[in-house]
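Visitor: I would like to go through this model residue by residue. Please take the questions in turn and give the reasoning before the value.

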Amino acid sequence: MLKYSKETMKRFTEPRFAGEMDDANAVGEEGNLKCGDMMRIYLKVEDGVIKDIRFLTYGCVAAIASTDALCEIVKGKTLEEAKKMTWKDVVDNLGEVPPIKYHCSIMGIEALQDAIKNYEDKEKGIAKDSKKQKRPCCYQECCGKTV
Amino acid sequence: MKQIYMDNGATTKIDPNVLKEMMPYFTDKYANPSSFHSFGQEAKDAVEKSRLIIAKAINADDKEIFFTSGGTESNNLALKGIAFSCKNRSDNKSLDQSEKNASKKNCTENQIITTKIEHKCILNTCRWLEEQGFKITYLEVDKEGFVNPEDIRKSITDKTILVSIIHANNEVGTIQDLEAIGKVIADVNKYRKKRNINSRIYFHTDACQSFTKTELDVQKYNLDLVTLNAHKIHGPKGVGALFIRRELIQKGKIISWQHGGSHESGIRAGTENVHGIVGFGKAVEVGMKDMEKNVKHMTLLRDRLIDGIISAVPNIKLNGPAIQKDSRKNKKISETDRRLCNNINFSFRAIEGESLGGYLDQKGICSSTGSACNAINLEPSYVLTAMGLDDEEANGSLRLSLSKFNTEEEVDYVLKVLPKIVEKLRFISPIGKEVNIK
C-alpha cells in the first residue's frame, strides 16, 4: 500500500461526512467501476449556501479520504465560492497525497461541480442530462482508458 | 498493536533455525568459495551442502542446481538462456558455415508457450523476447485459473522450443497439473524423435510459490528447468536457484546470461551469496522435513478463514480453485492439491481492495490486493481478468496468504475484524446498499 498521511488515514477510517442524505436538493456523480473509483455528492443548498453535504465513495483510501475532506472544505460556503475550489485545496487539507492519487481529489471536485450543476439546472427548470460525455477515467497519462 | 502477517505470498519471515545457520557465514566463515585455501573450501563445502539438499528435495542431482539471486533471475536465465542457445549453436565449430547461418537465421523464429497468469518476470521476459523476434503463445486459463494440458498440445509447432507454466499462481493459488502437462510434452518429444527431429521441447516451471507446499518431482513431472527461491519459504531474500537438467548443459542447450568468472559451472557468474545459499539450504531442509505438518496446519487455517468469511459476509466470491472438503484423507498431498494450502483470495462486491487492505492494515493485518488502485499502472490484476473476473470483482479482490507461523487466534481475529470493515466500506459506497444485505 502507498504511504498516506495521518490526516488521510484518519479521514479514511473515521469519515465525518459519509452516508446518504434524505433531504438533499442536488446530487452529483463522477467515476465508474472500471476505474475503481466512483463518487456521489449530496448537497442541501439554501439561499445559495451549501448548508449540508454528504458523500458516498467506492474507491481507494485516497478516494474516500479526499471526498470527506472536500465535504468539510465546502460546507457553509456559497455555491460561487464552492465553484472556485480546486483539487489542490483538497490535497492541502489532507497533507501529503502520493502524486499517483491526485486524480482522486480531481474526481471529488468533478463530483461536486456535477452536484452544483444539478442544483442550478433544477433551479432553471432544466432536466439533468443523464448521458455524460465519455472521458478518460483517471486523468493520468498512464491510464488513458475511456469508458 | 499486534501485527498479523498474512502476506506470505509476497515474502515470509525467516525461520529462526535458518538465521542461526546463516550467522557464522557473516562473521566467521566469510571466505570466498572460489579461494583455494582451506578457509575458502569451508565456504565451498557449505554451498555444496545446500546444493545437495535442494537437489534432493526435487528429486534432482546436485550438479543440476545453479544458484542465482532469486526467482526473477532464475526465470530470466531459463527463458533467455534457452531462447538464445541456438545462437550459441551457430558458433559451434563442428558446424559448417551454411549450417551456422541457417541456425542463426531461424533462431528467433522459435516459439515459447506460456500462460496469461505467469508472474511478471516471466511475462515481461517473454515480451522482451517477442521484441527480439521470438514467437510467444500466451495460453488462456479457465475460471479457476487452470491451463488445459490439451491446449498446450494444440499450440505446439515444429518451432516450439520451450513450455513455461507457473506451478502455483501467486494471486489465486491455482496449482497446475504439471504431471499431465509433462506427459503431453513427453508425447510430442517422442513423436519428434520418430520423425528424426533432434530438438526436444523443454519444460520449465516457476515453483517459487509452491516449493515445500506441494509435491515437486522433476522426474515424475518431466521437468527440464525449475525456478526456486528462498524468501517465499522462510529463507533469506536475494537468493534462488534454477534446476537445469544435465542434458541441457551437456548439449549446450542453455547459455549463460551473466558473464564473468566461472562460478556455477559457467552458467551464472558472480561470487556465491554464501550466507544466503546456506540459509536457502536450511530453509529447504526444514521445509521438507515438516512439509506434511505445515501443509496440514495451513490448510486448516485456510479453510477456517474461507468458511468464516463466507458465512459472515454476503455478496463475495472466492477466487481460484474451489475447496474440496476432506479430500486429503489417506491421500498423498499431490493427489489432492488444486489450491495452495496458504492462499485465500476473495472478491468483495461494491468495495475496493486497496481500501479494504488499508483498513485491515490499520487493524494490524497485512494483506494484498489485485485492485487497480494498488497498481502503478492503475490496471486491475491481469491474473484475475484472465480468469474472467469483471472490473468490479478484480478491483474488489483481497488476498490473504498464510505461513506455518500463523495461528488459529490470528485467524479468529481476522474473522472478527474483516466483516465489520466490509460492512462499513459498503455503507459509504454508492453501490453498497444492495449488497450489504445478507
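Visitor: Is A:R16 buried, partly exposed or exposed?

Guide: The model is a predicted one. The relative accessibility of A:R16 is 43%. Buried means under 20% and exposed over 50%, so A:R16 counts as partly exposed.

Visitor: Which side chain does A:R16 meet in a salt bridge?

Guide: Side chains of opposite charge can pair when their charged atoms come close. For A:R16 the N to O distance is 3.8 Å, and the cut-off for a salt bridge is within 4 Å. The partner has a relative accessible area of 28% and is therefore partly exposed. The partner of A:R16 is A:E7.

Visitor: How many residues apart are A:E72 and A:R11?

Guide: A:E72 and A:R11 form a salt bridge, with their closest N and O atoms 3.2 Å apart. The pair links distant parts of the chain: A:E72 belongs to helix α2 (residues 61-74) of chain A and A:R11 to helix α1 (residues 6-13) of chain A. The two are 61 residues apart.

Visitor: Which residue of that pair is buried, A:E72 or A:R11?

Guide: A:E72 has a relative accessible area of 32%, so A:E72 is partly exposed. A:R11 has a relative accessible area of 1%, and buried means under 20%. The buried residue is therefore A:R11.

Visitor: Which residues are linked with A:E7, A:R11 and A:R16 in a network of salt bridges?

Guide: A:R16 is paired with A:E7, and A:R11 with A:E72. These residues belong to a network of salt bridges. The others in the network are A:D68 and A:E72.

Visitor: What pattern does chain A follow along the sequence?

Guide: Chain A has five helices and three strands. Buried residues make up 52% of its 147 residues. Read along the sequence, the pattern is α-β-β-β-α-α-α-α.

Visitor: In which helix do B:D151 and B:K154 lie?

Guide: The side chains of B:D151 and B:K154 meet in a salt bridge at 4.0 Å, N to O. B:D151 is partly exposed because its relative accessibility is 26%, whereas B:K154, at 67%, counts as exposed. They are three residues apart, about one turn of the helix, and that helix is α8 (residues 149-155) of chain B.

Visitor: How many salt bridges does the whole structure hold?

Guide: The pairs discussed so far include A:R16 with A:E7 and B:D151 with B:K154. A search over all chains gives a total of 43.

Visitor: Which residues form a nonpolar patch on the surface with B:M23?

Guide: B:M23 is found in the loop between α1 (16-22) and α2 (24-27) of chain B. Its relative accessible area is 40%, so B:M23 is partly exposed; patch residues need over 30%. The patch has about 270 Å² of accessible area together, and the other members are B:L19 and B:F26.

Visitor: Which element gives the most to the lining of the largest cavity?

Guide: The search of the whole structure finds one cavity of 30 Å³ or more, with a volume of about 140 Å³. Of the 17 lining residues, those closest to its centre are B:T212, B:I233, B:H234, B:N294 and B:K404. The elements giving two or more residues are α11 (274-289) and α12 (291-312) of chain B. The most, three residues, comes from α11(B).

Visitor: How many residues of that lining are charged?

Guide: The lining of the largest cavity includes five nonpolar and eight polar residues. Asp, Glu, Lys and Arg count as charged. The number of charged residues is four.

Conventions: Residues numbered from 1 in each chain as written. Chains lettered and ligands numbered in written order. Predicted model: local features only at pLDDT ≥ 70, side-chain atom pairs only at ≥ 80, totals over all residues. Heavy atoms only, no water. 1 Å grid on protein atoms, 1.4 Å probe; cavity = no way out; pocket = protein on both sides within 12 Å on 5 of 7 lines; lining within 4 Å. Points joined across faces, edges and corners; volume = space filled by probe spheres on them. Helix = DSSP H or I, 4+ residues; strand = E, 2+ residues; numbered from the N terminus. Patch = residues over 30% accessible without salt bridge, like charges linked within 9 Å, V, L, I, M, F, W, Y side chains within 5 Å. Areas by Shrake-Rupley, 256 points an atom, 1.4 Å probe, with all protein chains shown as cover. Buried < 20%, exposed > 50% of the residue type's maximum accessible area, 1.4 Å probe, protein only.
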